[in-house]
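This report concerns the overall fold and the central features of one protein model. Please consult the sequence and the structure shown here before reading on.

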Amino acid sequence: MEKYYLTTAIDYVNGRPHIGHAFEKIMADVIARHYKQRGKDVYFLTGTDEHGIKIQKTAEKSGKQPIEICDMNAQEFKNAWALLEIDYDKLIRTTDIEHTQIVQKIFKKLMDNGDIYKHSYTGLYCSGCESFLNPRDLTEDGLCPDHMVKPEEIQEENYFFKLSKYKDRIIEHIKTHPEFIQPAFRANEVLNQLENIEDISVSRSKDSVSWGIDVPGDDFQIIYVWIDALSNYITALGYDTESPSDMFKKNWPANVQIIGKDIMKFHAIYWSAILMALGLELPRTILAHGWITIDQTKMSKSIGNVIAPKDVIEEFDLQHPDAFRYFMMVTAPSGKDGNYSDVDFKERVNADLANNIGNLLNRTLNMLVKYFDGEIVTIPPSGEIAKEAANTVEAVKDKFDKFELAEAAQDIVNFANVVNKYVNDTAPWSLAKEGKMNECSEVLYNVLESMRFIGILLAPYCPNISKEILEQLSSKMTGYDSLVWGQIPVGKLTEKDKIKPVFLRLDSEFATDKKKS
Ligand code: MSP
């Protein structure tokens, strides 16, 4: 089996998980589930980023130890991912002892190789970015453009990493590997940032930040949070500067590293340079997604519009996370921002999952019971609908290979639309009335077989609905190798009391009754 290693950004634990964090993890989970269906040996890493000034300050304010804050909030992230059925293989915490030890070894190796040197420095530090800013990048009022706060002027003797040494190699890599930065329109942004790249400070004095990993051999400095954080992608696999583990040898380089657009620079430039300095290959693709806004507004604690995944699940009394997962994936087309609003959420999932896909299965199974006692009588020769199904499979695969998840979901919905139209045009109820039972059974077969395809294609987004669809079709096959037309066998398929809606319209009477009881 071909390996497939994918990672997400690791979340800061100075706050709780919100639907922006969730968006990224769902995206990774959908990709992971899709490639598993295509027979890849997937390893999916996520994690939490636990060191740095923000946690230290949060701890000071609440009178707790930093590790207590980390433990508490890391658990919140784990709970959120469990609720959303994020099926990761490992969740690394940067406070894990194995991680901290390897980060020190990495730092030492970079020092020994002359890539890290000591230097006295005055700079503008933004604690929101956990990074020094270039005066050129500030707003006219001298604020950090991302956090709109004035960076602090800091003078320190720090360790510096020779980022400038790798500038030309990184530019070359980006230019010769079009798949490296996705979506491609982000590559220019990175190339522009590289124009002015300088060596970066990779340590902080303990006087200013104490919550971090010690610089090996220096009692007064801790390792800069981004070196610590970025290394997680290899420490999680058991990378070691002396003898890398089998897991590492198998999985590195990553197939895709999924991050938000705000942290592209750290990944495409800093991370690439660190890997080059360690003599390691670069990941195949760094995939930057857009941001989720709430009612078109940036989520922020000060505005008070932060929504947790749990809030949505509870608000709509969802039995499983599928509708939310689905909506998150369709609201943000490849690399673009997406928006969440209760109204859009409800409308979209009702239209696609309940009316389009759910009803199609429901009414077809009911007709099979009514006209054929729930039995498949013959397997008809494959025709136009079968061709359409095969085209959809190819289109979905192609979109996934380009990480176009919203677009792939749309292909599935479009196929369901085509099949709905086919039902309306062929009107199997009229065929039955006219006694054209062969034709009627042919139509029903084509629809049910299409539903089997839809059930499988939809699984990465909506694992529970998919399971329900396939169960009602008595089909146990879930992989892409079963997307071959004509697999539903002749014989009894279902009975009246086995048929139930696979997704209840939100706010439908049935759903509301459930909420009341
Ligand atoms: N800890 C760093 C990442 C280190 S990766 C080696 C960090 N943490 S974060 O908690 O601020 O963000 C984690 C991820 O969530 C990032 O990829 C970020 O882009 C993403 N998002 C945070 N808010 C978001 C939205 N509102 N919408 C979509 N994604 C967002 O950065």
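In which order do the six strands of the open sheet stand, and in what sense do they pair? The order is E3-E2-E1-E11-E12-E7, with parallel pairing; strands are DSSP runs of E of at least two residues, numbered from the N terminus, and two of them pair if DSSP finds at least two bridges between them. Strand E3 (90-93) and strand E7 (181-182) occupy the edges, and each has a single partner strand, so one side of each lacks a neighbour in the sheet.

Helix H1 (residues 19-37) packs on this sheet and touches E1, strand E2 (41-49), E11 and strand E12 (285-289). Contact means heavy atoms within 4.5 Å, and helices are DSSP runs of H or I of at least four residues. The direction of H1 makes about 170° with that of E1, where axes are lines fitted to C-alpha atoms, for helices over the stretch in contact, and angles run from 0 to 180 degrees between N-to-C directions.

The model is predicted: local features need pLDDT of at least 70, side-chain atom pairs count only at pLDDT 80 or more, and totals for chains, interfaces and linings use all residues. Residues are numbered from 1 along each chain as its sequence is written, and side-chain values use heavy atoms, without hydrogens and water.

Global values of the protein are as follows.

| Property | Value |
|---|---|
| Secondary structure | 19 helices and 16 strands |
| Span of the C-alpha trace along its principal axes | about 90 × 50 × 40 Å |
| Buried residues (under 20% relative accessible area, 1.4 Å probe, protein chains only) | 57% of the 517 residues |

Key. Buried < 20%, exposed > 50% of the residue type's maximum accessible area, 1.4 Å probe, protein only.
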